[in-house]
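Me: I want to check the labels on this model against their cut-offs. Can you take me through some of them?

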Amino acid sequence: MKNTKMQENKIFFTHAGELVRIAPCGKNAIRFTAFPAGRVDDENFTLLPQNAPAEIAQTEKYVEMTVGCLTLRMYHDGKVFFFRDGEKILEELPEYAFENGIREYESLQSGLWRARVTFCATENEHFFGLGHDQRRRWDLKGCSFDLRNLNTQCAVPFVYSSLGYGFLWNNPSTGTVAFSNNHTRWTSDCTRRVDYVVIGGSPKGVAETLADLTGHAPEMPHWATGFWQSRLRYETQEQLLEVARRYKRENIPLAAIVADYFHWTEQGDYRFDPQYWPDVPAMTEELHKLGTKLVVSVWPTVNENSENYEMMRDRNLLVRTTRGSDRVFRFYGWQALVDSTNPETREFVFGKLRENYLDKGVDSLWLDESEPELYPVHFDNLLYYAGRGDEVALLYPYCHVQMAYDGYRAMGKEDMITLTRCAYLGSQKFGALVWSGDIPSTFESLACQVRAGLHMSLCGIVWWNTDIGGFYGGDTTSEAFRELIVRWFQYGVFCPVMRVHGNRERHIESNMRLEPSGDPNELWSFGEENFKILKSLVLLRERLRPYIEKHMHIASEKGWPVMRPMFFDFPDDPVCWTLDEQYMFGDDILFAPVVTAGQTEKAVYLPAGEWVHTATGKAYAGGFHRIAVPLSQFAAFVRKEAAVLEAFSETAET
């Protein structure tokens, strides 16, 4: 084929104003990159390309590369097809008659490009992944999405297709993706290239390659698999300590307790306010004696009144703008943002975090607002160290959690985990524990979180959780919320991390001028009967920890998430692709959360085999079953003969 050359196991092709590079990228993985400027740019962003053997063949009409089960074929006009084991899975769709141009580029005044690539729609193809949001959709087919990060919306540009492949859009710019009935289209608002990776294989096989290409999660610390207590917010050191003491008196294991925002003197000071938190080392020492870790919230916002603002501004450690003020988020005044894409910023900010938190006994950090949150949301107005905002915006949460990871490593700290509200491809390798943001306290929201967690799990982000009970709108005195909190706790048992949090409707007084807390949010705060149920759920979680840690090790080693869509383990069962209200929790537990108010019966589908209902011990064969779920029970099944079944006995040792 003309205009084609082979070099170092790669194919290079020039055509109609673009240079194309095709390269093996890993097991069953091929990377396709097209440069509209006609020259190679070797930027990988967060991708970790792997060496893999490839077979290259060429005819007069096309050139093709085969890596494992995957083959890419490109014709003389630049059009691309992908095949898995000989079956076509992807075909580029030209936008013009006579195929005059395949990929679309628009030159921008910045010297960069708006670019898109379009593929033919395939009947009965289904898509899953793309991070999390409150989309209320399981199958993404027929949907379109903005590739941008907001509170409760985390764009991780990877999807798994029911045709047996994964698609990784290697571009951290803002943009859109549409899985329409007439085409599939990926669009970048501002870029230097079209860049994507296709991975052929089963869900488990693709997950393994994805972990190789974006990074493996570290081993989750033992303490993090237990129960975390949080609320918005503990106002004083003594208030937080008294909660931890009561958990000890109630004989409820408390792995971690969280000090939320506005414990500080000013946004950007990165230290406790001594008026309310007078002796942090003494506080952490007591917590550690109680067997509890302390996690502290940190925001990327910097107020002009902060002791660090002028220095950070003058050293360009803050996010800059193309127009207007550098204050781009409003919360108790207009705030600037730290530029976490700048290595110097990361070093400076972590130095403050170490000095004022970690060196005083704080165990872990909660990096809130890590999208980062903006108002208004004008990405093209942002100037990062790494590039224009609309070119690299999705990188921010990745770099922000990298700050903590690199800092922990420099300290020699091994039990690394960082709670964060957003993520990007590869965030998992920095110990990112992502949560779904400030969601409402409703059953509808609970149902959304079940889907959100499963979508996220397919994107390589294997540590994920929600605010148990939802974040806002919960009246702790109402029977409706007390039902919801039980159902959400049941779901929380079967999440990678079990953490309660929320800003409950206020029924108590507060003396705080800024950000007073909502109502109490501890297990004993929702009525006596609920307290018994919630305590039993925390004790169940405690008994499940060896099982969870076994599967956390698998997640670290292989990239298989602990929380898995049903088709992940049963890809040959067509029913499993349709199930969005049940999932596998590790190899042996099937859990179907109750996500509807007043529900006392749950429809559950069991794949082929024998399954034991954990509440009754009754064995069930594969198929659909209706299971009784009074408030004190839930629908969970364990594979027959699996050792973890013993953990569901209340007499089992905790």
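Reply: Buried means under 20% relative accessible area. The model is a predicted one, and in it both Phe481 and Phe526 are buried.

Me: What makes the pair of Phe481 and Phe526 tilted?

Reply: The centres of Phe481 and Phe526 are 6.0 Å apart, with 55 degrees between the planes. Rings pair if their centres lie within 6.5 Å, and planes that are neither under 30 degrees apart nor over 60 count as tilted, so this pair gets that name.

Me: Why does this pair tie together parts that are apart in sequence?

Reply: Phe481 lies in helix α9 (residues 479-493) and Phe526 in the loop between β32 (498-500) and α10 (528-558), so the parts they join are 45 residues apart in sequence.

Me: Why is the pair of Tyr491 and Tyr583 called edge-to-face?

Reply: The angle between the planes of Tyr491 and Tyr583 is 85 degrees, and the centres are 6.3 Å apart. The distance is within 6.5 Å and the angle is over 60, so the pair counts as edge-to-face. Tyr491 is in helix α9 and Tyr583 in strand β34 (residues 583-585), 92 residues apart. Tyr491 and Tyr583 are buried.

Me: How do you know that Arg73 lies over the face of Tyr62?

Reply: Arg73 is at 4.5 Å from the ring centre of Tyr62. The limit is within 6 Å, along with within 35 degrees of the ring normal, and Arg73 is listed as lying over the face.

Me: How do you know that β6 and β7 pair?

Reply: Six bridges join β6 (residues 62-67) to β7 (residues 70-75). Pairing needs at least two, so these antiparallel strands pair. Tyr62 stands opposite Tyr75.

Key:
Residues are numbered from 1 along each chain as its sequence is written. This is a predicted model: local features need pLDDT of at least 70, side-chain atom pairs count only at pLDDT 80 or more; totals for chains, interfaces and linings use all residues. Side-chain values use heavy atoms; hydrogens and water are left out. Helices (H or I, at least four residues) and strands (E, at least two) are DSSP runs, numbered from the N terminus. Buried means under 20% relative accessible area, exposed over 50%, partly exposed in between (1.4 Å probe, protein chains only).
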